[in-house]
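Student: Please take me slowly through one part of this protein, and then show me how that part fits into the rest of the chain. I would like one connected explanation, with each term explained as it comes up.

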Amino acid sequence: MATPVRKTGDMPDLVYRLEDKPPFVNALLSAVTHLLAIFVPMITPALIVGGALKLPAEMTAYLVSMAMVASGIGTYLQVNRFGPVGSGMLSIQSVNFSFVGVMIALGAGMKEQGMDEHAMLSALMGIGFVGAFLVAGSAWLLPYLKKVITPTVSGVVVMMIGLSLIGVAITEFGGGFAALGNGSFGSWQNIGLAAFVLAVVLFFNTLKNPLLRMSGIAVGMVSGYVVALFLGMVDFSVLENLPVMTMPVPFKYGFDFQFVPFLVAGLVYLLSIFEAVGDLTATAMVSGEPYEGDEFQKRLRGGVFADGLVSVIATALGSLPLTTFAQNNGVIQMTGVASRHVGKYIAVILVLLGLFPVVGRAFTTIPSPVLGGAMVLMFGMITVAGVRIMMTNGINRRETIIAATAIGLGLGVSFKPEVFALLPLKELFQNPICMGGVAALVMNLIMPADHSEKVYLSDDLDI
């Protein structure tokens, strides 16, 4: 009997393969390169959620610190592969942007009901904690989930995540939620600073050097921060009287669970499973490892299981949920270093940074326009990523109708959420991500497929 061929990533330029152990200096330099690619996206979600929900500086700083600690723990689990936990590849864990819009919407609704910040965070982290078990359990159900959540469904949800976050981005662009209250929103100073950051990011993204392109957002934000210093827009008072270390406290704000908001977050958790699958597959390919076959399926199952377990740990500590990060696959290609042992260095550095409160609190001093200038591009790219996911296997008339209807309903409730106020479980239908995702999921299940339809692989759709 012929031996089945395993598809393996063709990466002849790898300097260090998966099981190689680079010398200390080389491993440390590779670890720092990976950190440059993920550091800004890692801390930005906590800053966005903290700003949008008007959390005190110490709470936002704690979210940032715990994001780093949890990312370090998660990365260590992923690269070491303890039994069924972890992919055993250079898979870096970081905060999942998909949850930003959902957490802001759910948190805002809780505040409208009269919850204070502690009670709100208790409920949000409780929802995230329980939802993470969905991901862990789904690791053994991946073949079945793929039949339900198709590229069209996933693409619609990713698009709605990006579109719903653009509202937050443009608010930060104009000066942030605080500026809306003090009358400085949209001032020349705020708009000019945000535009400067965006211009720097765009310039670096036009360069041919891959490292410079990947560092574009970080360089843009650092440049904007320096300009803000000269303009007197940075408030350092939050850095006064800080303790030397921040010790993680499980369920620091208590534990609360609310079923209806959990249903909203649950859909995003299901989406994160397929995000992890895509990222882990790409990691195997760029690492020169098999990306099909039994061994790869074990890696995939372990990686998704670790995603869920790490989000359990993260939300218990007070961080937003985590997932594997796609940016690091670009770093592997660029440096030729696929060694999973580099991940151990990354993990230690992240935990150490998270334990010092001055690091997390320093990020809360970044002015809103600096964040907004980078966010406009980042969230626009998430939207475009949704389009690319939908086009993965081409698109026909059926898929076009599903996507168009789901996006129309999802985007519609972002403008007029009260339209479904009379429905039971109205919170589900008033969230644009959930509305778009549920609509796409239901239509995908009930609309008959016509295999004779032409599949389009370009944007020239005959509808």
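Tutor: K54 counts as exposed, because its relative accessibility is 54% (exposed means over 50% relative accessible area, buried means under 20%, and partly exposed lies in between, with a 1.4 Å probe and protein chains only). This is a predicted model, in which local features need a pLDDT of at least 70 and side-chain atom pairs count only at pLDDT 80 or more, while totals for chains, interfaces and linings use all residues. Residues are numbered from 1 along each chain as its sequence is written, and side-chain values use heavy atoms, with hydrogens and water left out.

The place of K54 is the loop that runs between α1 (24-52) and α2 (57-80) (helices are DSSP runs of H or I with at least four residues, strands are runs of E with at least two, and they are numbered from the N terminus). The backbone of K54 deserves a look as well, since its phi is near 55 degrees, a positive value in a residue other than glycine.

If you follow the chain onward through α2, you come to R81, which sits in the loop between α2 and β1. R81 is not a glycine either, and its phi is positive, at about 55 degrees. Its accessibility places it in the middle class: with a relative accessible area of 26%, R81 is partly exposed.

The side chain of R81 brings in a distant part of the sequence, for it forms a salt bridge with E295, in which the closest N and O atoms are 3.1 Å apart (a salt bridge is a side-chain nitrogen of Lys or Arg within 4 Å of a carboxyl oxygen of Asp or Glu). Because R81 belongs to the loop between α2 and β1 while E295 belongs to helix α12 (residues 294-317), this pair ties together parts that are 214 residues apart in sequence. E295 counts as partly exposed, at 32% relative accessibility.

Helix α12 takes part in another pair, since E289 forms a salt bridge with R299, with 3.9 Å between the closest N and O atoms. E289 lies in the loop between α11 (259-286) and α12, whereas R299 lies in helix α12 itself, so this pair links parts that are ten residues apart in sequence. E289 counts as buried at 15% relative accessibility, and R299 counts as buried at 9%. The whole structure holds four salt bridges, and one of them joins the side chains of R398 and E399, with 2.8 Å from N to O. R398 is buried, with a relative accessible area of 9%, and E399 is buried too, at 13%.

From R81 the chain leads on to strand β1 (residues 93-95), where S94 is found. S94 has a relative accessible area of 0%, so it is buried. Leaving aside its neighbours within four places in sequence, S94 is in contact with I38, M42, S71, P321, L322, T323 and F325 (contact means heavy atoms within 4.5 Å).

A338 offers another view of a buried place, this time in the loop between α13 (327-335) and α14 (342-355). At 0% relative accessibility, A338 counts as buried. Not counting residues up to four places away in sequence, A338 touches L14, Y16, R17, L18, L90, S287 and I332. The C-alpha atoms of A338 and E19 are separated by 8.4 Å, even though these residues stand 319 residues apart along the chain.

With these places in mind, you can step back to the whole chain, which has 19 helices and two strands. Of the contacts with a separation of 6 or more, 83% come from residues 24 or more positions apart, and buried residues make up 54% of the 463 residues. A compact globule with 463 residues would have a radius of gyration near 23 Å, and the protein chain has 22 Å, which agrees (the radius is taken over C-alpha atoms, and the globule rule is 2.2 Å times the number of residues to the power 0.38). Along the principal axes, the C-alpha atoms fill a box of roughly 70 × 60 × 45 Å.
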